[in-house]
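Let's take a walk through this fold together. Have the viewer open and rotate as you read.

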Amino acid sequence: MDAPEETTTELLRLDGADFVLRLTRRPSRLGLLALHGGVEGGTAELAEEVAARTGATCLTFTQPATPRVHISSHLLAEAPSRTLETFVSVVSLTVSLHGHLRPAAPDAIFLGGTNREAAEVVAEALRTLTPSFTPVTDLTDIPPGLRGLHPRNPVNLTREGGVQLELPLTARTRGLRDVPPEEVVAGVTEGVRRLGA
């Protein structure tokens with residue numbers, strides 16, 4: 001019998017910013033991750049929804065107080081966190097959700113991270129289910145700061161590495177609400193399902 005779903009929270013302070021880490025652990029080798037909840041609107045909400053639909057484990061970092069600050073992903077991994085350690089130990093493959101505001105690429109979803117095979121799997125699902133957006137997997141076409149290749153980036157710490165999705169604003173919010181459009185939820189959900197197949 002599968003272990004029941006379990007949710008835990010942890011408070012973390014780093015570089016003067018307070019974070020709430022929320023881990024929902026499920027019996028799956030796959031994990032959804034959102035490191036900049038609130039700062040990159042809609043990413044934590046998307047991670048939680050996709051994880052619930054696919055039965056994946058989910059870890060979100062959110063900042064309850066304003067002003068919110070963006071701290072690089074690899075620096076978040078350097079903070080002492082039991083919750084992140086647990087996530088890395090129980091998940092084999094990570095899909096990490098981020099946001100970008102690149103004016104030259106308003107409809108591009110960049111797929112970085114060290115697991116390039118998994119990136120192609122997710123991109124194919126996005127091509128089918130998210131016609132309003134363009135998945136980009138060629139690392140030379142992804143801006144260097146969005147490639148998610150730093151070895152200490154949490155997306156790359158699990159055994160099989162992972163995929164870092166950089167989503168434009170319209171792929172993760174609706175107006176003033178941090179609610180991702182259904183086509184994006186469906187596309188990422190299908191990509192995660194295919195990774196688990």
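Is Thr-158 buried or exposed? Keep in mind that what you're looking at is a predicted model. Thr-158 sits in the loop between strand 7 and strand 8. Its relative accessible area is 4%, so Thr-158 is buried, given that the cut-off for that label is under 20%. Its surroundings are easy to list. If you skip the neighbours within four places in sequence, Thr-158 is in contact with Phe-87, Val-88, Val-91, Ser-92, Leu-93 and Thr-94. One of these, Thr-94, also makes a polar contact with Thr-158, side chain to side chain, at 3.1 Å.

Now zoom out to the sheet. It's an open one, built from 8 strands in the order 1-2-4-3-5-8-6-7, with mixed pairing. At the edges you'll find strand 1 (6-14) and strand 7 (134-136), each of which pairs on one side only. Going from one strand to the next, the twist averages 20°.

Strand 4 is a good place to stop. How many of the 6 residues of strand 4 are buried? The count is 5, so strand 4 is largely enclosed by the rest of the structure. Follow its pairing on either side. Strand 2 and strand 4 run antiparallel and share 5 bridges, with Val-20 having Thr-62 as its bridge partner in strand 4. Strand 3 (residues 30-37) and strand 4 are parallel, again with 5 bridges between them. Here Gly-37 has Thr-62 as its bridge partner in strand 4. So Thr-62 turns up in both pairings, as partner of Val-20 and of Gly-37.

How does the chain get from one parallel strand to the other? Strand 3, helix 1 and strand 4 form a β-α-β unit, and this unit is right-handed. Helix 1 (residues 43-54) lies across strand 2, strand 3, strand 4, strand 5 (93-100) and strand 8 (162-168), and the helix runs at about 165° to strand 3. Another helix to pick out is helix 3 (residues 82-90), which lies across strand 1, strand 2, strand 3, strand 4 and strand 5. Relative to strand 2, helix 3 runs at about 35°.

While you're around strands 2 and 4, look for aromatics. The structure holds 1 aromatic pair, made by Phe-19 and Phe-61 in an edge-to-face arrangement, 6.3 Å centre to centre with 75° between the planes. The pair ties together distant parts of the chain: Phe-19 belongs to strand 2 (residues 17-25) and Phe-61 to strand 4 (residues 57-62), 42 residues apart. Both Phe-19 and Phe-61 are buried.

Next, slide over to strand 6 (residues 108-112), where 5 of the 5 residues are buried. In a regular strand, side chains alternate between the two faces of the sheet. Which residues of strand 6 lie on each side? Ala-108, Phe-110 and Gly-112 are on one side, Ile-109 and Leu-111 on the other, and with all of them buried, both faces of the strand are covered.

Strand 6 has two pairings to trace. With strand 7 it runs parallel, joined by 3 bridges, and Ala-108 has Thr-134 as its bridge partner there. The chain travels from strand 6 to strand 7 by way of helix 4 (residues 116-129), in a β-α-β crossover that is right-handed. With strand 8, strand 6 runs antiparallel, also over 3 bridges, and Leu-111 has Leu-165 as its bridge partner.

Helix 4 is also home to Leu-129. At 33% relative accessibility, Leu-129 counts as partly exposed. Leaving out residues up to four places away in sequence, Leu-129 touches Glu-183, Ala-186, Gly-187 and Glu-190. Measuring out from Pro-4 gives a sense of scale: Leu-129 is 125 residues further along in sequence and 31 Å away in space, C-alpha to C-alpha.

Finish at Leu-101, in the loop between strand 5 and strand 6. Is Leu-101 buried or exposed? Its relative accessible area is 65%, so Leu-101 is exposed, the cut-off being over 50%. Not counting neighbours within four places in sequence, Leu-101 is in contact with Leu-169 and Arg-172. From Pro-4, 97 residues away along the chain, Leu-101 is separated by 38 Å between C-alpha atoms.

Note on methods. Residues numbered from 1 in each chain as written. Predicted model: local features only at pLDDT ≥ 70, side-chain atom pairs only at ≥ 80, totals over all residues. Heavy atoms only, no water. Phe/Tyr/Trp six-rings, centres within 6.5 Å; stacked < 30°, edge-to-face > 60°. Helix = DSSP H or I, 4+ residues; strand = E, 2+ residues; numbered from the N terminus. Buried < 20%, exposed > 50% of the residue type's maximum accessible area, 1.4 Å probe, protein only. Pairing = 2+ DSSP bridges. Axes fitted to C-alpha atoms, helices over the stretch in contact; angles between N-to-C directions. Contact = heavy atoms within 4.5 Å. Polar contact = N/O pair within 3.5 Å; in protein donor to acceptor, adjacent residues only side chain to side chain. Right-handed = clockwise from strand over helix to strand, strands pointing away.
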